Amino acid sequence: MATPKYKTSKSKAASRKAANMKLAAPTLTKCPTCGNMILPHRVCPKCGSYRGKQVIQMDAQ
């Protein structure tokens with residue numbers, strides 16, 4: 001098995017590790033009731049509906 005000839009620097013190792021730690025932007029879907037962009041599988045904070053059914057009673061503003 002091959003062994004490294006020189007020590008890998010801290011910056012080289014850190015940059016290699018950092019390439020796999022990128023954060024991905026969250027996936028957003030459109031609420032079928034009001035059209036607000038929401039995270040999937042969650043109640044809409046604007047209208048209070050989930051999968052087309054009213055789950056939370058929202059105050060009229």
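Author: Buried means under 20% relative accessible area, exposed means over 50%, and partly exposed lies in between (1.4 Å probe, protein chains only). The model here is predicted, so local features need pLDDT of at least 70 and side-chain atom pairs count only at pLDDT 80 or more, while totals for chains, interfaces and linings use all residues. Residues are numbered from 1 along each chain as its sequence is written, and side-chain values use heavy atoms, without hydrogens or water.

Reader: Why is Met37 called partly exposed?

Author: Its relative accessible area is 46%. That value is neither under 20% nor over 50%. Met37 therefore falls in the class between buried and exposed.

Reader: Where does Met37 lie, and what does Met37 touch?

Author: Met37 is part of strand β2. Strands are DSSP runs of E with at least two residues, helices are runs of H or I with at least four, and both are numbered from the N terminus. Leaving aside residues up to four places away in sequence, Met37 touches Leu28, Thr29 and Lys30. A contact needs heavy atoms within 4.5 Å.

Reader: How far is Met37 from Gly48 in space?

Author: The C-alpha atoms of Met37 and Gly48 are separated by 13 Å. Along the chain, these two residues are 11 residues apart.

Reader: What makes Met58 partly exposed?

Author: The relative accessible area of Met58 is 35%. Set against the two cut-offs, 35% lies in between, so Met58 is partly exposed. Met58 sits in the segment after β4.

Reader: Which residues does Met58 touch?

Author: With residues up to four places away in sequence left out, Met58 touches Pro45, Lys46, Cys47 and Gly48. Arg42 is 16 residues from Met58 along the chain, and their C-alpha atoms are separated by 15 Å.

Reader: How do you know whether His41 is buried or exposed?

Author: The relative accessibility of His41 is 69%. That is over 50%, so His41 counts as exposed. His41 belongs to the loop between β2 (37-38) and β3.

Reader: What is the phi of His41?

Author: Phi of His41 is positive, at about 65°, although His41 is not a glycine. Arg51 also has a positive phi, near 55°, and is a residue other than glycine.

Reader: Is Arg51 buried or exposed, and where is Arg51 found?

Author: At 72% relative accessibility, Arg51 is over the 50% cut-off and therefore counts as exposed. Arg51 is found in the loop between β3 and β4 (53-54).

Reader: How much of the whole protein counts as buried?

Author: Of its 61 residues, 11% count as buried.

Reader: Which helices and strands make up the protein?

Author: There are 1 helix and 4 strands. In sequence order, the pattern is α-β-β-β-β.

Reader: How do you know whether this protein is a compact globule or more spread out?

Author: The radius of gyration, taken over C-alpha atoms, is set against the globule rule, 2.2 Å times the number of residues to the power 0.38. For 61 residues the rule gives 10 Å, while the protein has 23 Å. That is well over the rule, so the protein is more spread out than a compact globule. Along its principal axes, the C-alpha trace spans about 70 × 25 × 15 Å.

Reader: What share of its contacts join residues at least 24 apart?

Author: The share is 0%, counted among contacts between residues at least 6 apart in sequence.
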